[in-house]
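Please walk through the strand pairing, the core and the side-chain contacts of the protein shown here. Keep it brief and tied to residues.

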Amino acid sequence: MARSETRPVVTLRSTAGTGQTYVTRKNRRNDPDRLVLRKYDPAAGQHVLFREER
């Protein structure tokens, strides 16, 4: 199965400034803007916003 151009791999970086990252895929048609998800940051010890990095 080939990689899809409509679902690219994106890196999410913590807004807490800890340097923690997550890697996920997103649908470009449904989310054309930068992705922002609330996920757990183990370095900060709490849930924080993670923004898409380019």
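## Strand pairing

D41 has Q46 as its bridge partner in β4. This is a predicted model.

D41 ends an edge strand: β3 covers residues 36-41 and pairs on one side only. Its partner, β4, runs over residues 46-53. The two strands pair in the antiparallel sense, over 6 bridges. Two further positions can be placed along this pairing. K39 has V48 as its bridge partner in β4. L37 stands opposite F50 in β4.

β3 and β4 form a hairpin with 4 residues between the strands. Within this hairpin, G45 takes a positive phi near 80°.

β4 also pairs with β1, again in the antiparallel sense, here over 4 bridges. R13 has R51 as its bridge partner in β4.

Now the whole sheet. It is open and has 4 strands, in the order β2-β1-β4-β3. The pairing is antiparallel. The edge strands are β2 (21-25) and β3 (36-41). On average, neighbouring strands are turned by 40° against each other, direction ignored.

## The nonpolar core

Which residues make up the largest nonpolar core? There are 5 in all: V10, L12, L35, V48 and F50. Strands β1 (9-14) and β4 each supply at least two residues of this core.

Two core residues also appear in the strand pairing. V48 is the bridge partner of K39, and F50 stands opposite L37.

V10 has contacts beyond its sequence neighbours. Leaving aside residues within four places in sequence, V10 is in contact with Y22, V23, T24, K26, L35 and E52. L35 on that list is a fellow member of the core. K26 and E52 return below as salt-bridge partners.

## The aromatic pair

The structure holds 1 aromatic pair. Its members are Y22 and F50. The geometry is edge-to-face, with 5.0 Å centre to centre and 75° between the planes. Y22 lies in strand β2 and F50 in strand β4, so the pair ties together parts that are 28 residues apart in sequence.

Are the two residues buried or exposed? F50 counts as buried, because its relative accessibility is 0%. Y22 is partly exposed, with a relative accessible area of 27%. The cut-off for buried is under 20% relative accessible area, so a residue above that value does not qualify.

## Salt bridges

How many salt bridges are there? The count comes to 3. The table gives each pair with the separation of its closest N and O atoms.

| Salt bridge | Closest N and O atoms |
|---|---|
| E53 and R13 | 2.4 Å |
| K26 and E52 | 2.9 Å |
| E52 and R54 | 3.8 Å |

Start with E53 and R13, whose closest N and O atoms are 2.4 Å apart. E53 lies in strand β4 and R13 in strand β1, so this pair ties together parts that are 40 residues apart in sequence. E53 counts as partly exposed, at 32% relative accessibility. R13 counts as partly exposed too, at 34% relative accessibility. R13 is also the residue bridged to R51 in the sheet.

Next come K26 and E52, with closest N and O atoms 2.9 Å apart. K26 lies in the loop between β2 and β3, and E52 lies in strand β4, so the pair ties together parts that are 26 residues apart in sequence. Both residues are buried. For E52 the relative accessibility is 7%. Both K26 and E52 are also among the contacts of V10.

Last, E52 and R54, where the closest N and O atoms are 3.8 Å apart. Here a buried residue meets an exposed one: E52 counts as buried at 7% relative accessibility, whereas R54 is exposed, with a relative accessible area of 67%. Salt bridges that share partners join K26, E52 and R54 into one network.

## Putting β4 in place

Several of these features involve β4. Strand β4 pairs with β3 over 6 bridges and with β1 over 4 bridges. It supplies at least two residues of the core. It holds F50 of the aromatic pair, E53 of the salt bridge with R13, and E52 of the salt bridge with K26.

Terms used
Residues are numbered from 1 along each chain as its sequence is written. This is a predicted model: local features need pLDDT of at least 70, side-chain atom pairs count only at pLDDT 80 or more; totals for chains, interfaces and linings use all residues. Side-chain values use heavy atoms; hydrogens and water are left out. Two strands pair if DSSP finds at least two bridges between them. Axes are lines fitted to C-alpha atoms, for helices over the stretch in contact, and angles run from 0 to 180 degrees between N-to-C directions. A nonpolar core is a set of buried Ala, Val, Leu, Ile, Met, Phe, Trp, Tyr and Cys residues joined through side-chain atoms within 4.5 Å. Buried means under 20% relative accessible area, exposed over 50%, partly exposed in between (1.4 Å probe, protein chains only). Contact means heavy atoms within 4.5 Å. A salt bridge is a side-chain nitrogen of Lys or Arg within 4 Å of a carboxyl oxygen of Asp or Glu. Rings of Phe, Tyr and Trp (its six-membered ring) pair if their centres lie within 6.5 Å; planes under 30 degrees apart count as stacked, over 60 as edge-to-face and the rest as tilted.
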